[in-house]
Amino acid sequence: MMNTKIFDIEVNKEYKKYFKKSFIVAILAFLIAAILTKIIIYLDLFGLKSIIETQVESIINEILGHFPEGQITASGLFINNIRVLFLAFISGFIPFIPFPIVITIINGIVVGGLLGIIASNSSLFGALKMLIFGILPHGITELGAILIAVAMGNLIWITINRKIFRKPIAIKLNEELKYSIKILFFVCVPLILISAFIEAYITPILIAFMQIR
């Protein structure tokens, strides 16, 4: 089978084709969860605003709890995001429930919930500023890495389930693992490292600038 490349990592064409589909699914799951959560909170639909706000704040507080004395550092952010990265990938080995996609949806809910809380407490413009200055600078690399891990974990989840139900598989599991591990360590981990430094040292400056405007 002819080979091609994903992020400069050599893979076979079949893997690249299915990876692209899985990556699109991960992006859509995140966007739908984020947009719906933001709308629900901003418009207070179905009386879910307070419930989602409580859950989002709980998740954020749990994340902050990993940092000593609440001090956010690049190393702490890196370790926390590496946990999420590998959880998104490894959860693909659990059959029946698509945990990689579940993790994506939870991340979408947190981001959408945060923007929804800001929009409902201040304005849509305030939420837009937070998105531009407080989330996107580090979020592009961080979320990109996590969604790549989700896409690969989801492919493994599909292969394992197809093997369990004795259905034909497009790519051998050992091939998926070989490609996935290379992409994880040579693409995703560096992206997480970059995002940790941006979030620790650049994002606070941008947020301060945003508050002055």
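# Briefing: helix packing, surface patch and selected residues

K17 is partly exposed, at 39% relative accessibility. The model described here is predicted. The side chain of K17 meets that of E14 in a salt bridge, and the structure holds one such bridge. The points below cover this pair, a nonpolar surface patch, the packing of α4 against α5, two residues with positive phi, and the surroundings of T37, I52 and L191.

**Salt bridge**

- The K17 to E14 distance is 3.6 Å, taken from N to O.
- Both residues belong to helix α1, which covers residues 13-43.
- K17 and E14 are three residues apart in this helix, so about one helical turn separates them.
- E14 is partly exposed as well, because its relative accessibility is 23%, between the 20% and 50% limits.

**Nonpolar surface patch**

- A nonpolar patch on the surface is formed by I94, F96, I97, F99, V102, I106, I164 and F165.
- Together these residues have about 700 Å² of accessible area.
- Which helix gives the most to the nonpolar patch? Helix α4, residues 99-121, does so with three residues.
- I94 of the patch sits in the loop between α3 (74-90) and α4.
- The relative accessible area of I94 is 41%, which makes I94 partly exposed.

**Packing of α4 against α5**

- Two packed helices are described by the angle between their axes and the distance between the axes.
- For α4 and helix α5 (residues 124-164), the angle is about 180 degrees and the axes lie 11 Å apart.
- The two helices are therefore roughly antiparallel, a term that applies to angles over 145 degrees.
- On the α4 side, the contact is made by P100, I101, T104, V111, L114, L115, I118 and A119.
- On the α5 side, the contact is made by L124, G126, A127, M130, L131, I135, L147, V150, G153 and N154.

**Positive phi outside glycine**

- Most residues other than glycine have a negative phi, and most peptide bonds are trans.
- D44 is not a glycine, yet its phi is positive, at about 55 degrees.
- D44 is placed in the loop that runs between α1 and α2 (49-64).
- With a relative accessible area of 41%, D44 is partly exposed.
- R166, also a residue other than glycine, has a positive phi near 55 degrees.
- The loop between α5 and α6 holds R166.
- Is R166 buried or exposed? R166 counts as exposed because its relative accessibility is 79%, over the 50% limit.

**T37 and I52**

- T37 is part of helix α1, and I52 is part of helix α2.
- T37 is buried, at 6% relative accessibility.
- I52 is buried too, since its relative accessible area of 15% falls under the 20% limit.
- Apart from neighbours within four places in sequence, T37 is in contact with I52, I109, G112 and G113.
- With the neighbours within four places in sequence again left aside, I52 is in contact with T37, I40 and I41.
- From T37 to K21 there are 16 residues in sequence and 24 Å in space, C-alpha to C-alpha.
- I52 and I194 lie 142 residues apart in sequence, and their C-alpha atoms are 30 Å apart.

**L191**

- L191 belongs to helix α6, which spans residues 173-212.
- Its relative accessibility is 23%, so L191 counts as partly exposed.
- Which residues is L191 in contact with, leaving aside its neighbours within four places in sequence? The contacts are with T141, A145 and I148.
- L191 and H138 are 53 residues apart in sequence, with 9.6 Å between their C-alpha atoms.

How values were computed. Residues numbered from 1 in each chain as written. Predicted model: local features only at pLDDT ≥ 70, side-chain atom pairs only at ≥ 80, totals over all residues. Heavy atoms only, no water. Patch = residues over 30% accessible without salt bridge, like charges linked within 9 Å, V, L, I, M, F, W, Y side chains within 5 Å. Areas by Shrake-Rupley, 256 points an atom, 1.4 Å probe, with all protein chains shown as cover. Salt bridge = Lys/Arg side-chain N within 4 Å of Asp/Glu carboxyl O. Helix = DSSP H or I, 4+ residues; strand = E, 2+ residues; numbered from the N terminus. Buried < 20%, exposed > 50% of the residue type's maximum accessible area, 1.4 Å probe, protein only. Axes fitted to C-alpha atoms, helices over the stretch in contact; angles between N-to-C directions. Parallel < 35°, antiparallel > 145°, perpendicular 65-115°, else oblique. Contact = heavy atoms within 4.5 Å.
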